[in-house]
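Dear colleague,

Please find below the sequence and structure that I am handing over to you. My findings follow directly after them.

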Amino acid sequence: LSDGITAAVSPDGAMAAATTSSSSSDDVTAELLISIIPRMDFDAPATNATIPPNLSNRIEEMASSLESVHGERRDYVASPQLAGSWRLLYSNGPEIANLAARLPFGFALGPT
């Protein structure tokens, strides 16, 4: 991702976060991050265009904190730990945020 953040969860509850920002928050866990991302209508992902700015900022800070603890971004596609279907929970990527903001009935994103 460039200039953005994406959080996703697999059916078994595993969580992945990738981000390009930085933060100094302590004691952030993937479970805590997932718990503050609101569940949207139609199972659409939450975006920085559909939730309050203070919550969006908090999500991005927490994801950044997780990345700083777990190291630099790697080749996630090749990781066997991330094999399988995932559901997008949050994104500030413009392509997702624009869809979420412009579709009056929301949208649903299938397994990715």
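The notes below begin with the chain as a whole and then turn to one helix and its surroundings.

Please bear in mind that this is a predicted model. The mean pLDDT of the protein chain is 74, and 64% of its residues reach 70 or more. Confidence varies between elements: helix α1 (residues 30-36) has the highest mean pLDDT, 92, whereas strand β2 (residues 15-19) has the lowest, 49. Over residues 18-25 the pLDDT stays under 50, and for this stretch the model has 25 contacts beyond four places in sequence. Where pLDDT is low, the predicted coordinates should not be read in detail.

As regards the overall architecture, the protein chain contains three helices and four strands, which follow one another along the sequence as β-β-α-β-α-β-α. Of the 112 residues in the protein chain, 35% are buried. The accessible surface amounts to about 6,800 Å², and carbon and sulfur atoms account for 54% of that surface. When contacts between residues at least 6 apart in sequence are considered, 70% of them join residues at least 24 apart.

I looked at helix α3 (residues 94-102) in further detail. Its buried residues are Ile96, Ala97 and Ala100. These cover an arc of only 95 degrees around the axis and therefore lie on the same side of α3. The general geometry is familiar: an α-helix has 3.6 residues a turn, so residues three or four places apart point the same way. The buried residues of α3 pack against β3 (46-47) and β4 (87-91). On the face turned away from the buried side, α3 carries the exposed residues Glu95 and Arg102.

Which residues does Thr47 touch, leaving aside those up to four places away in sequence? Thr47 belongs to strand β3 and is buried, with a relative accessible area of 0%. With that exclusion, Thr47 touches Tyr90, Ser91, Ile96, Ala97 and Ala100. Ile96, Ala97 and Ala100 are the buried residues of α3 named above.

Is Leu99, which is also found in helix α3, to be classed as buried or exposed? Neither term applies, because its relative accessibility of 40% makes Leu99 partly exposed. Leu99 and Thr47 are 52 residues apart in sequence, and their C-alpha atoms are 9.7 Å apart in space.

Yours sincerely

Notes: Residues numbered from 1 in each chain as written. Predicted model: local features only at pLDDT ≥ 70, side-chain atom pairs only at ≥ 80, totals over all residues. Heavy atoms only, no water. Helix = DSSP H or I, 4+ residues; strand = E, 2+ residues; numbered from the N terminus. Buried < 20%, exposed > 50% of the residue type's maximum accessible area, 1.4 Å probe, protein only. Contact = heavy atoms within 4.5 Å. Areas by Shrake-Rupley, 256 points an atom, 1.4 Å probe, with all protein chains shown as cover. Arc of directions from axis to C-beta. pLDDT = per-residue confidence, 0-100.
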